[in-house]
Amino acid sequence: MASLPVHSEDAVNYSDTRTAGCFLTGIPGLEHLHVWLSIPFCTMYIAALVGNGILLCVILSQPSLHEPMYIFLSMLASADVLLSTSTMPKTLANFWLGSSHISFDGCLTQMFFIHFLFVADSAVLLAMAFDRYVAICSPLRYATILTRQVMGKIAAATLTRSFIIMFPSIFLLKRLHYCRTNVIKHTFCEHMGIAHLSCSDISINVWYGLAAALLSTGLDIILIAVSYVHILHAVFRLSSQEARSKALSTCGSHVCVILLFYIPALFSVFAYRFGGNRIPRYVHILLANLYVVIPPMLNPVIYGVRTKQILEGAKQMFANITREFK
């Protein structure tokens with residue numbers, strides 16, 4: 001396992017930090033276990049790539065799945081793959097090869113895409129909740145509300161909002177003067193991790209990060225909760241037991257995905273801000289890595305097992321592939 005250069009622990013000036021870049025330590029306190037920890041992380045990352053890749057192929061290849069619910073699911077799968085890919089390759093290179101160095105601009109780029117994709121993921125989950133709300137509460141208007149034009153606008157709004165929220169963070173970090181160590185005690189670059197390298201006042205960064213989280217992810221959680229209150233109210237008013245069971249099964253898959261996405265992320269955020277020294281640093285870093293690989297790994301399994309249409313579509317796709325090779 002390669003070690004950090006000796007000079008990385010020394011203070012560096014403003015220009016040196018930008019030209020010399022930063023060093024990612026990996027998981028502080030568990031450096032001796034990096035190689036072993038890489039095995040489950042690599043396995044989960046590969047499973048996420050394969051699972052979401054198959055899910056995307058099934059949705060794209062089956063015309064019966066070209067409906068809003070499955071289009072949103074393909075958007076979620078795409079964002080999941082990109083989110084895990086923005087962190088895992090660098091993390092594994094660090095664990096296996098000791099490749100801890102990253103340029104300052106490269107660190108800013110990684111930070112931007114991690115936060116951008118997380119906000120986009122959250123927006124897609126909100127769109128999926130809206131889809132279920134319309135399907136269950138206004139089924140007769142579903143086709144007229146969620147048209148192709150509306151779907152395109154939702155996708156554009158998702159990307160635009162994520163960009164508008166996260167792009168200013170690059171300039172908030174570039175304005176700072178860096179005169180402390182250029183060592184980030186993490187496996188990847190994130191906003192406050194970079195800001196703490198600075199000797200400038202970072203209060204604007206702190207408040208902006210909090211405001212961005214509340215106005216994006218926080219607002220999404222509230223709107224999703226409101227949607228599901230209305231959905232559950234409508235479901236339990238259905239007279240048919242079969243219709244009620246089908247609606248609950250479909251919503252159950254989405255709720256599982258929502259919980260998988262938000263619980264580890266929120267726990268990591270609040271533990272980092274309020275846990276202080278009561279929670280070891282390596283616990284924070286492990287949680288931060290788990291919430292970018294576990295949801296992408298499990299989402300295809302949840303939807304594949306619980307959604308009959310996707311399971312049937314996968315069987316049809318593999319049957320077609322088998323016939324072509326005969």
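# A tour around helix α7

Select α7 and helix α9 (residues 203–235): the two pack at an angle of about 170 degrees, with their axes 11 Å apart. Angles over 145 degrees count as roughly antiparallel, and α7 and α9 are therefore roughly antiparallel to each other. The model on screen is predicted.

Next, show the side chains at this contact. On the α7 side, select R161, I164, I165, M166, P168, S169, L172 and L173. On the α9 side, select I204, N205, Y208, A212, L215, S216 and D220. Coloured by class, the residues of this contact of α7 with α9 come out as ten nonpolar, three polar and two charged.

**Stop two: α5 against α7**

Keep α7 and add helix α5 (residues 104–137). The angle between α5 and α7 is about 150 degrees, and their axes lie 9 Å apart. That angle makes α5 roughly antiparallel to α7. The crossing of α5 past α7 is right-handed. The contact of α5 with α7 holds 17 nonpolar, four polar and three charged residues.

**Stop three: F116**

Within helix α5, select F116. Is F116 buried or exposed? Its relative accessible area is 12%, and buried means under 20%, so F116 is buried. Now display what surrounds the side chain. Leaving aside residues up to four places away in sequence, F116 touches L159, S162, F163 and M166. M166 has already come up on this tour, as one of the α7 residues in the contact with α9.

For a long distance, draw a line from the C-alpha of F116 to that of E324. These residues are 208 apart in sequence, and the line spans 40 Å in space.

**Stop four: α3 against α7**

Hide α5 and show helix α3 (residues 68–85) with helix α7 (residues 148–174). They pack at an angle of about 20 degrees, with their axes 11 Å apart. Angles under 35 degrees count as roughly parallel, and α3 and α7 are therefore roughly parallel to each other. As with α5, the crossing to look for is right-handed: α3 passes α7 that way, and so does α5.

Which residues meet here? Select P68, I71, F72 and M75 in α3, then M151, I154 and A155 in α7. By class, this contact of α3 with α7 has seven nonpolar residues, no polar ones and no charged ones.

**Stop five: V255**

Move to helix α10 (residues 241–274) and select V255. At 32% relative accessibility, V255 counts as partly exposed. Add L125 and draw the C-alpha to C-alpha line. V255 and L125 are 130 residues apart along the chain, while their C-alpha atoms are separated by 9.5 Å.

**Last stop: the whole chain**

Clear the selections and show the protein chain as a cartoon. Its secondary structure comes to 13 helices and three strands. The radius of gyration is 22 Å, close to the 20 Å that the globule rule gives for 326 residues, so the chain is as compact as a globular protein of that length. Orient the view on the principal axes, and the C-alpha trace spans about 70 × 50 × 35 Å.

Colour by relative accessibility to see the buried residues, which make up 46% of the 326 in the chain. A contact map can be opened beside the cartoon. Of the contacts in the chain with a separation of 6 or more, 78% are between residues 24 or more positions apart.

Technical notes
Residues numbered from 1 in each chain as written. Predicted model: local features only at pLDDT ≥ 70, side-chain atom pairs only at ≥ 80, totals over all residues. Heavy atoms only, no water. Axes fitted to C-alpha atoms, helices over the stretch in contact; angles between N-to-C directions. Helix = DSSP H or I, 4+ residues; strand = E, 2+ residues; numbered from the N terminus. Parallel < 35°, antiparallel > 145°, perpendicular 65-115°, else oblique. Left-handed = near helix turned anticlockwise from the far one by under 90°. Contact = heavy atoms within 4.5 Å. Nonpolar A, V, L, I, M, F, W, Y, C, P; charged D, E, K, R; others polar. Rg over C-alpha atoms; globule rule 2.2 N^0.38 Å. Buried < 20%, exposed > 50% of the residue type's maximum accessible area, 1.4 Å probe, protein only.
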